Amino acid sequence: MNKIVSLFCGIIFGIGLVISEMINPVKVLGFLNLFGEWDPSLAFVMIGALIISTPLFHLFKNKEKPLFSLNFSIPKNKEIDKKLIIGSVFFGTGWGLIGLCPGPAITSIALLNVSSAIFVVSMFIGFYIASKTN
Amino acid sequence: MNIINFTPLSALTGGLLIGLSVILFFILNGRMVGISGIASDFLISKDNRIDNLLFLIGLILGPSIYTFFSGQEIEISISNSLFLLIGGGVLVGFGTRLSSGCTSGHGISGISRFSLRSIIATITFMIVGILTVLVTNIL
């Protein structure tokens, strides 16, 4: 059952990225262009997601276990360290250059866009380098 | 600052769906969604590999299902050079793994949990993204 949930959640997430147009780097770069011609849409995507996920997370986090799995897996790391900051700076730079983050990048594979495919392959190379250096 | 191309309704609607995906994945499968984590774990870890693959396949099916039901074609525009696409991709991949999260993992899942780590990460990548666009526009 949890396999069907994984596929279903991926589909819902992907459709959310399409409807919100976050799959289009132009919309994301428009949001990051705060000091030019600004498109606030991305902030509304975050608000829409958070008003669902925040209250429901806190409602369910103390339940004994999830419906289709043995236990909840919630990140435990609380450390504010160099890795967190440097990693976020690297990510913010790449995000600001192209306007793609991992979700929209992978979803855009469906559109058979050569540029986004090159980006996704490079991103996976980045994942691999990080796994070998950490 | 001028506001242009603002689409609050579709942004909010898409956001609600993303929030629904995050919370269903948590309540039903017990995991917090973070696309960079799901994608890189699929690449490097045997744990939950099938689940991670199915989530990624779901993401890629999303646009086709949307087009099937709405009849609307999806258009995106990317005009960067090959060098920038590769550099940007590696920076996003390496950076999100070093900081253990991206826009979804830190920005949505982490903030939902009120994680200070995720709040700091989100503020950092947003500020750096804004500065990068500012510099790109000047150059």
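# Exercises on a two-chain model

E21(A) sits in the loop that joins helix 1 (2-19) to helix 2 (25-32) of chain A. The structure is a predicted model, and the exercises below start from this residue before turning to the chains and their contact.

**Exercise 1.** Work out what sign the phi of E21(A) has, and decide whether E21(A) is buried or exposed.

*Solution.* Begin with the backbone: E21(A) is not a glycine, yet its phi is positive, at about 65°. Most residues other than glycine have a negative phi. Next, count the neighbours: E21(A) has 24 C-beta neighbours inside 10 Å, and because 20 or more are enough for a residue to be buried, E21(A) counts as buried.

**Exercise 2.** Carry out the two steps for N5(B), stating its phi and how it is classed by its C-beta neighbours.

*Solution.* First locate the residue, which belongs to the loop between strand 1 and helix 1 of chain B. Its phi is near 55°, which is a positive value in a residue other than glycine. For the second step, N5(B) has 14 C-beta neighbours inside 10 Å, and since this number lies between the limit of 12 or fewer for exposed and that of 20 or more for buried, N5(B) counts as partly exposed.

**Exercise 3.** Describe each chain by its elements, taking chain A and then chain B.

*Solution.* Chain A holds six helices and one strand, and along its sequence these follow the pattern α-α-β-α-α-α-α. Of the 134 residues in chain A, 54% are buried, and its C-alpha atoms fill a box of roughly 45 × 35 × 30 Å along the principal axes. Chain B also comes to six helices and one strand, but here the order from the N terminus is β-α-α-α-α-α-α. Buried residues account for 53% of the 139 residues in chain B, whose C-alpha atoms fill a box of roughly 45 × 40 × 35 Å along the principal axes.

**Exercise 4.** Find how helix 2 and helix 3 of chain B are placed relative to each other, and list the residues through which they meet.

*Solution.* Start with the axes, which come within 9 Å and cross at roughly 130°. An angle over 145 degrees would be needed for roughly antiparallel, and 65 to 115 for roughly perpendicular, so helix 2 and helix 3 of chain B are oblique to each other. The crossing of helix 2 past helix 3 of chain B is left-handed. Helix 2 of chain B brings I38(B), A39(B), D41(B) and F42(B) to the contact, while helix 3 of chain B brings R49(B), N52(B), L53(B), F55(B) and L56(B). Sorted by class, these are six nonpolar, one polar and two charged residues.

**Exercise 5.** Determine how many residues each chain gives to the contact between chain A and chain B, and which element of chain B gives the most.

*Solution.* Chain A contributes 104 residues and chain B contributes 99 residues. On the side of chain B, the elements that give two or more residues include strand 1 (2-3), helix 1 (8-29) and helix 6 (116-138). Helix 1 of chain B gives the most, with 21 residues. The class count for this side of chain B is 60 nonpolar, 34 polar and five charged residues.

**Exercise 6.** Follow helix 1 and strand 1 of chain B across to chain A, and say what sense the strand pairing has and what angle the helix axes make.

*Solution.* Taking the strands to begin with, strand 1 (residues 37-38) of chain A pairs with strand 1 of chain B in the parallel sense, over two bridges, and E37(A) stands opposite N2(B). For the helices, the axes of helix 3 (residues 41-60) of chain A and helix 1 of chain B come within 7 Å and cross at roughly 30°. Because angles under 35 degrees count as roughly parallel, helix 3 of chain A is roughly parallel to helix 1 of chain B. Their crossing is right-handed, and their contact has 21 nonpolar, seven polar and no charged residues.

**Exercise 7.** Place F90(A) in its element, and name the residues of chain B that it touches.

*Solution.* F90(A) lies in helix 4 (residues 82-98) of chain A. With 24 C-beta neighbours inside 10 Å, F90(A) counts as buried. Leaving aside residues up to four places away in sequence, F90(A) touches L91(B), F94(B), G95(B) and L98(B).

Terms used. Residues are numbered from 1 along each chain as its sequence is written. Chains are lettered from A and ligands numbered from 1 in the order in which they are written. This is a predicted model: local features need pLDDT of at least 70, side-chain atom pairs count only at pLDDT 80 or more; totals for chains, interfaces and linings use all residues. Two residues are in contact if their C-beta atoms, placed from the backbone, lie within 7 Å. Helices (H or I, at least four residues) and strands (E, at least two) are DSSP runs, numbered from the N terminus. Ala, Val, Leu, Ile, Met, Phe, Trp, Tyr, Cys and Pro count as nonpolar, Asp, Glu, Lys and Arg as charged, and the others, Gly among them, as polar. Two strands pair if DSSP finds at least two bridges between them. Axes are lines fitted to C-alpha atoms, for helices over the stretch in contact, and angles run from 0 to 180 degrees between N-to-C directions. A crossing is left-handed if the near helix is turned anticlockwise from the far one by less than a right angle, and right-handed if clockwise.
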